[in-house]
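I opened the model today to look up a sheet, the cores and a chain contact. My entries follow.

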Amino acid sequence: MTGLQQYDLVILGAGPAGMASAKEASEAGLNTLILDEQPRAGGQIYRNIGRPILQNRSILGEDYYVGESLLAGLAQASLTHISNATVWEVTGDNTLCFSAEGMSRQVGFKKLLLATGAQERPVPFPGWTLPGVMTCGAAQILLKSSGLTPVEPLVIAGSGPLLLLIACQLIRAGVRVEGIVETTPTANYGRALKEIGGAIKGWRHLLKGMRMLNEIRRSGVKFYKCATELRAEPGSDGNLASVSFRKGSTLHQLECQTLLVHQGVIPNTQLGRAIGLEHQWDEVQQCWKPTLLENGCSSHPDIFIAGDSAGIGGAIVAEIQGRTVTNEIVQQLGLKGKKDSEIDSLRKELADQLAIRPFLDYLYRPLDMFLRPQGETIVCRCEEVSATEIRGLVKQGCVGPNQTKAFCRSGMGPCQGRQCGSTVTALLADELGSNPSDVGYYNIRFPIKPVTLGELASLSQPAQDGTVK
Amino acid sequence: MAADFSFNRLPCNERAEVEITIEGHKVIALEGETVAAAVMHSGLRPTRTTAVSGTGRAPYCMMGVCFECLMNIDGKPNTQACMTEVSEGMVITVQQGAREIGGDRL
Amino acid sequence: MTESVRLNRGSSDVAVIGGGLVGLCIALGIQKQGQQVTVYDEGDVALRASRGNFGLVWVQGKGDNLPEYARITRLSAQLWAGLADDLTQHTGIDIQLQQRGGLFVCLSESELQKRQVILEQMAIEHPEGYPYEVLDLQQLREMIPDIGPEVAGATWGPEDGHVNPLYLMRALVARFESLGGKLVNAGRVSNIIPQQGQFVLQTEQGDFSCNKVVLAAGLGNKELGPMVGIDAPVFPNRGQVLIAERVRPFLHYPTGHVRQTEEGTVQCGDSKEDVGFDTGTTTEVLAQIAQRATTMFPLLKEVNLIRSWGALRIMTPDGNPIYQQSKQYPGAYLVTCHSGVTLAAAHAGPIADWISTGSADSAIDLEKFHGSRFQL
């Protein structure tokens with residue numbers, strides 16, 4: 001492997017954590033490579049921030065444009081930035097493979113920072129696979145990168161801060177919203193209040209939430225609280241035609257051509273899983289996250305994780321972690337890091353920013369129907385496997401998700417379990433009377449993104465330009 | 001494109017226009033946007049049928065996670081439309097079930 | 001009474017250790033004879049060669065150093081249709097068995113010649129007949145129009161075929177349980193104690209007793225064997241497998257390196273590495289497998305790889321199975337092989353009969369598979 005291009009640090013992902021890390025690494029003089037899947041830096045939260053598309057800046061709000069300064073930091077950093085690059089393998093000998101422009105390349109690293117962000121929590125419910133149902137995050141991406149708003153009539157259903165945010169943004173953009181169907185269970189409010197101490201510390205976030213709720217109220221859009229039994233129904237053409245739900249004793253039905261759904265976000269752990277890093281179940285956030293030391297180091301001594309992929313904290317937390325974790329890496333590589341006082345103040349800021357999390361996590365814990373679906377609800381979208389089928393496999397002797405996979409192909413499609421993994425674990429735990437921690441998760445296999453056989457084959461030939469070996 | 005499910009374009013900053021073909025129809029997209037976005041703007045739905053049951057699907061996550069937006073882009077089947085940027089003259093069609101290979105014989 | 005017996009959680013006529021393909025087939029065969037069988041499985045984390053394998057029911061070239069292995073392989077291939085019918089009929093699960101012949105594709109003339117020599121030699125060793133054909137590129141192209149231009153040729157085995165190994169596992173479990181067989185996810189079996197003509201199994205879930213015990217724990221047999229007086233010199237040998245997305249049917253016969261499943265996915269594999277218990281994959285080997293597969297079928301170049309994995313084959317020093325009853329503790333049997341799919345029908349049939357009745361079918365000389373051959 002002597003001919004491989006070597007870097008002190010390779011950063012995966014150019015969202016807030018990755019961009020902040022890049023700036024720190026460059027200032028410390030590390031030979032750094034940043035690889036990003038998107039054509040332009042920003043991650044999902046600051047997507048397209050380098051070329052904002054909307055003429056009216058008030059639609060997305062100032063929180064979005066905050067990303068401009070991070071991008072400026074990245075632009076000034078002295079490093080190699082490869083966009084449209086998909087990392088599909090990381091091996092134990094500190095090398096990784098990525099695909100860009102139809103060609104795969106291998107590079108070596110001393111330290112690796114995973115800043116791969118979050119994905120929306122999969123929200124299985126009857127009809128969630130219908131064309132016309134998409135996530136709130138997807139609608140936001142369309143707004144940020146193409147200035148597009150969903151076809152009306154539009155209904156927004158689910159729970160969480162992003163749900164309120166996209167509702168406000170679309171209302172500001174002049175979109176007619178037929179209804180906002182909030183599924184946050186009543187009981188959550190009481191439980192969340194126990195965490196009010198943290199919430200008051202994070203009062204800025206609380207205030208933001210209240211402003212959004214006010215904005216929605218003023219707009220006159222119908223707001224259905226504590227809804228249950230969400231179901232999307234197709235029309236004769238097979239596309240989404242309406243959504244139904246229960247509120248109290250009343251069953252409602254709203255016609256719609258777009259249904260935006262959301263139940264919070266969870267760390268993107270796919271790469272860490274494939275590498276074989278240790279993960280743990282977070283009962284409060286109801287998701288898996290990597291097991292990390294306080295300095296951001298994973299169970300592999302040279303692999304660090306920052307931002308939402310380390311545990312959900314949001315954009316500001318990601319940015320601070322990007323800086324602190326990179327500082328740790330800089331020091332481990334024998335270079336001079338920041339002053340202790342500087343690090344202390346970053347740590348304090350981090351704690352302040354995270355103070356509201358317990359409140360939010362308890363408040364927006366999804367309704368059981370989304371975590372542990374029943375009946376014919378599709379769980380694995382790729383291979384079209386239902387909740388009933390997964391549950392039934394326990395009676396056939398399945399005790400873990402890897403057996404389930406072998407028995408019914410769940411998790412074997414192109415998304416490689418990203419949309420069904422957490423649900424399958426939850427269903428098995430439910431049927432076995434166990435918990436997700438003991439049930440475990442799919443073994444995730446490389447490549448974590450599809451790569452063509454031709455591209456892979458090209459790696460076995462000696463290449464002229466250092467492409468491999 | 002029987003029914004129109006077109007996503008509306010808000011007033012945008014200056015962008016070059018790119019002409020592409022979606023299911024045989026010429027469509028104007030904006031430089032720098034993804035095929036999935038252009039397809040949503042065009043109003044096409046569904047954008048693929050599954051290899052398992054043949055039911056219709058359309059883009060779901062727009063960030064490369066769900067693989068629901070697989071389409072045939074410039075003759076390349078099963079390509080993630082949300083991870084591919086539009087380019088002049090691009091030809092996009094619905095991905096019908098499992099992909100063909102060895103196209104000239106089948 | 002010892003403490004282990006007091007803690008006894010249950011007993012059965014026959015205990016099979018290992019719920020992979022080998023264990024399940026034997027368990028099914030014995031349960032069919034009316035004896036109460038319990039299979040003790042390690043659970044979701046087991047190394048599980050049964051889940052990682054390639055799904056070939058493969059005859060050609062197997063047993064080139066042990067004619068008896070070739071015979072049991074062919075016998076199993078012949079019995080396979082009956083096993084598949086039985087499973088499908090009783091469980092409704094289509095395990096997708098196809099035995100229309102298989103191809104071993106060779107990329108170079110020298111590889112093809114080597115292959116031909118092996119098969120010629122086997123034909124001499126098997127006067128009852130050993131069917132195969134050697135095909136040049138032209139003949140091969142008539143069977144598979146998409147074969148690559150750089151291919152030298154192939155050998156054709158009319159008895160070869162393939163099956164969906166995952167559905168096979170599922171069907172075996174369903175059929176076995178429907179007959180009253182018990183499957184226990186017991187975690188690891190830590191000890192086997194021979195006791196007054198019986199055996200006590202110590203597991204994470206407590207102790208279990210049985211009259212007969214069958215060791216079908218794959219690589220676990222190395223540790224378990226000596227507990228009943230059988231030496232099992234098994235070691236892991238890693239095979240890496242690539243699986244590509246579903247495509248329309250293009251390959252109607254399995255080959256030794258590439259096969260298209262009924263769902264349309266394409267599996268590419270066959271690497272042999274001695275890497276201990278590492279089930280991971282390496283870029284270099286995967287690239288070589290992809291290189292070979294795309295040389296054989298250039299149209300695969302454009303197809304997306306979806307998954308890859310390493311699975312551990314269970315090898316013996318000569319590559320052939322061990323079928324052996326303990327001399328020291330009669331009633332304890334050890335079964336190990338690296339072709340759990342091909343030999344499934346033999347395991348569910350004659351091997352299960354041998355264990356349940358104590359006497360072997362005259363069609364195969366099981367003495368040839370005795371582990372004592374490694375001590376010579």
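I count two strands as paired if DSSP finds at least two bridges between them. Strands (E, at least two residues) and helices (H or I, at least four) are DSSP runs, numbered from the N terminus. The model is predicted: local features need pLDDT of at least 70, side-chain atom pairs count only at pLDDT 80 or more, and totals for chains, interfaces and linings use all residues. Residues are numbered from 1 along each chain as its sequence is written, while chains are lettered from A and ligands numbered from 1 in the order in which they are written.

**Entry: sheet in chain C.** I looked up β5(C) and found 4 bridges to β6(C), residues 153–157; the two run antiparallel. Asp136(C) faces Gly153(C) of β6(C) across the pair. I then traced the sheet: it is open, has 3 strands and follows the order β4-β6-β5 in chain C, with antiparallel pairing. Its edges are β4 (102–106) and β5 (133–136) of chain C, each paired on one side only. From one strand to the next, the twist averages 25 degrees. I took axes as lines fitted to C-alpha atoms, with angles from 0 to 180 degrees between N-to-C directions.

**Entry: chain A overall.** I counted 18 helices and 23 strands in chain A. Its C-alpha atoms fill a box of roughly 70 × 50 × 40 Å along the principal axes. The radius of gyration of chain A is 22 Å, which agrees with the value near 23 Å for a compact globule of 469 residues. That radius is taken over C-alpha atoms, and the globule rule is 2.2 Å times the number of residues to the power 0.38. Of the 469 residues in chain A, 58% are buried (20 or more other C-beta atoms within 10 Å of the residue's own, placed from the backbone).

**Entry: cores.** I define a nonpolar core as buried Ala, Val, Leu, Ile, Met, Phe, Trp, Tyr and Cys residues joined through C-beta atoms within 7 Å. The largest has 288 residues; Val10(A), Leu113(A), Ile156(A), Ile17(C), Ile26(C) and Val214(C) touch the most other members. Helix α5 (residues 161–172) of chain A gives the largest share, 9 residues. A second, separate core has 7 residues, including Ile356(A) and Phe359(A).

**Entry: chains B and C.** Which residues meet here? I found 9 residues of chain B in contact with 12 of chain C (C-beta atoms, placed from the backbone, within 7 Å). The chain B side divides into 4 nonpolar, 2 polar and 3 charged residues. Charged means Asp, Glu, Lys and Arg; nonpolar means Ala, Val, Leu, Ile, Met, Phe, Trp, Tyr, Cys and Pro; the others, Gly among them, are polar.

Note on methods. Contact = placed C-beta atoms within 7 Å. Buried ≥ 20, exposed ≤ 12 C-beta atoms within 10 Å, placed from the backbone.
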